[in-house]
Amino acid sequence: MSTYNIHSLESGAVGDVLLLLHGLSGSGRWWARNIPGLAREHRVMIPDLVGFGRTPLVGRVPGLPEM
């Protein structure tokens with residue numbers, strides 16, 4: 001199994017955790033306009049999936065269980 005360094009953003013400090021995942025060919029930047037409003041009442045976590053945005057693909061593409 002490969003190890004990946006996942007780039008992610010976090011915002012907000014209170015409330016339930018919201019995990020925002022982008023679609024294919026996207027990145028966490030897709031959520032930029034949503035983060036300020038959501039972070040007022042939630043802790044928001046936004047990762048770039050492996051091979052997208054600022055998370056480089058190292059080696060083979062991981063399968064769903066590894067993601």
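**View 1. Strands β1 and β3 run antiparallel and are joined by four bridges.** Welcome to this predicted model; we start with a pair of strands. Strand β3 covers residues 43-47. To follow the pairing at the level of residues, find Glu 10 and look across to β3, where Met 45 is its bridge partner.

**View 2. Stepping back, we meet an open sheet of three strands.** Their order is β1-β3-β2, and the pairing is mixed. Residues 8-11 form β1 and residues 17-19 form β2; these two strands stand at the edges with a single partner strand each, so one side of each has no neighbour in the sheet. On average, neighbouring strands here are turned by 15° against each other, direction ignored. As background, strands of a sheet pair through backbone hydrogen bonds, in either a parallel or an antiparallel way.

**View 3. Five residues make up the largest nonpolar core.** Look for Leu 20, Ile 35, Ala 39, Val 44 and Ile 46. Helix α1 (35-39) and strand β3 each supply at least two residues of this core. Ile 35 is a good place to pause: apart from neighbours within four places in sequence, Ile 35 is in contact with Ser 11 and Ile 46. In soluble globular proteins, nonpolar side chains tend to be buried together.

**View 4. Ser 25 sits in the loop between β2 and α1.** Is this residue buried or exposed? Ser 25 counts as exposed, because its relative accessibility is 63%, and the cut-off for exposed is over 50%. The backbone is worth a look too: phi of Ser 25 is near 65°, a positive value in a residue other than glycine. Most residues other than glycine have a negative phi.

Terms used: Residues are numbered from 1 along each chain as its sequence is written. This is a predicted model: local features need pLDDT of at least 70, side-chain atom pairs count only at pLDDT 80 or more; totals for chains, interfaces and linings use all residues. Side-chain values use heavy atoms; hydrogens and water are left out. Two strands pair if DSSP finds at least two bridges between them. Axes are lines fitted to C-alpha atoms, for helices over the stretch in contact, and angles run from 0 to 180 degrees between N-to-C directions. A nonpolar core is a set of buried Ala, Val, Leu, Ile, Met, Phe, Trp, Tyr and Cys residues joined through side-chain atoms within 4.5 Å. Buried means under 20% relative accessible area, exposed over 50%, partly exposed in between (1.4 Å probe, protein chains only). Contact means heavy atoms within 4.5 Å.
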